[in-house]
Amino acid sequence: MVQAVQGAKVVVTGAGGGIGAALARRFAAQGAQVVVNDLDAARAKAVAEEIGGQAVAGDASSVVDEARDALSGTVDVWCANAGVGRDGGEPGEPLREEDWALSWDVNVMAHVRAAHALLPEWLERGSGRFVSTVSAAGLLTMIGTAPYSVTKHGAYAFAEWLSLTYQHRGVKVHAICPQGVRTDMLDASGSAGDLVLKPTAIEPEDVADALFDGIEQDRFLILPHPEVAEYYRARAADPERWLGGMNRVQRQWETTR
């Protein structure tokens, strides 16, 4: 058992399936009280009933107050897990601004809004935990999906900012950055996902394992695919070489789709 989460009051957004459901199950198994949030009310209810938690349906940006009420007025851990993947069109194709707007709103601003609502309480009492499901795309990038890559970079940057700003005041922050995970989002990622992500895809439960290891070790950066650390170092050490390698992947994708 992870002592840091026993008895904690936890909210997991986007928890009707995939990574979110795996996180909700793991927190519940560790003795936490869990609110399961999802846009799909039926899916949220099903997971909540399975784990003995409570379901709060709705947009992740707007459920903080309702989730807090469901937990008797206190949130100890907020898992900002809800996310969307949109390709947004390639340069030269019609710009789908609605895809960019939705990606920004869900992948970044939902995190910002939740933190804005939670931080006053956390700072007053000197404790709180914010878990951001980002993506390896937030550290590196992903071919074929500019809105997803760009907004996941934003989500990672916001998690970094939260950590460096508030860690001395008791706020713990974790950024989860997996590559492919066997979820509906991966299935919807098309030929780019088939090429880059599916060969090394892991299960949502593996992501939960990585997070709980990180909580025990008090680590900010959670890498369910350990090789991402090497890619990240290579990108920082030699950006030109790294971009060239990614362009080769792009060209390979273009010849196969």
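**Entry 1: cysteines**

A disulfide is a pair of cysteine sulfur atoms within 2.5 Å. With that criterion in hand, I searched the whole structure, which is a predicted model, and found 0 disulfides.

I then looked up Cys 79, which takes part in no disulfide. The nearest cysteine sulfur belongs to Cys 177 and lies 14 Å away. I also took the view from Cys 177: the closest cysteine sulfur is that of Cys 79, and 14 Å is too far for a bond, because a disulfide requires the sulfur atoms to be within 2.5 Å.

Are these cysteines buried or exposed? I noted a relative accessible area of 0% for Cys 79, so this residue is buried. Cys 177 also counts as buried, because its relative accessibility is 0%.

**Entry 2: helices H1 and H8**

I next examined helix H1, residues 18–29, and helix H8, residues 204–217. At what angle do the axes of H1 and H8 cross? I recorded a crossing at roughly 50°, with the axes coming within 8 Å. The two helices are therefore oblique to each other. I entered the crossing of H1 and H8 as right-handed.

Which residues in H1 and H8 meet? On the H1 side I listed Gly 18, Ile 19, Ala 22, Leu 23, Arg 25, Arg 26 and Phe 27. On the H8 side, the residues include Pro 204, Glu 205, Val 207, Ala 208 and Asp 209. Leu 211, Phe 212 and Ile 215 in H8 also belong to this contact. By class, I noted 10 nonpolar, 1 polar and 4 charged residues in the contact of H1 with H8.

**Entry 3: positive phi values**

Most residues other than glycine have a negative phi. I therefore looked for exceptions to this general pattern.

Ser 72 is not a glycine, yet I found a positive phi of about 60° for it. Where is Ser 72 placed? I located Ser 72 in the loop between helix H3 (64–70) and strand E4 (77–80). With a relative accessible area of 64%, Ser 72 is exposed, because the cut-off for that class is over 50%.

Asp 218 is another residue other than glycine with a positive phi, here near 55°. I placed Asp 218 in the loop between H8 and strand E7 (221–222). The relative accessibility of Asp 218 is 47%, so I entered this residue as partly exposed.

Notes
Residues numbered from 1 in each chain as written. Predicted model: local features only at pLDDT ≥ 70, side-chain atom pairs only at ≥ 80, totals over all residues. Heavy atoms only, no water. Axes fitted to C-alpha atoms, helices over the stretch in contact; angles between N-to-C directions. Helix = DSSP H or I, 4+ residues; strand = E, 2+ residues; numbered from the N terminus. Parallel < 35°, antiparallel > 145°, perpendicular 65-115°, else oblique. Left-handed = near helix turned anticlockwise from the far one by under 90°. Contact = heavy atoms within 4.5 Å. Nonpolar A, V, L, I, M, F, W, Y, C, P; charged D, E, K, R; others polar. Buried < 20%, exposed > 50% of the residue type's maximum accessible area, 1.4 Å probe, protein only.
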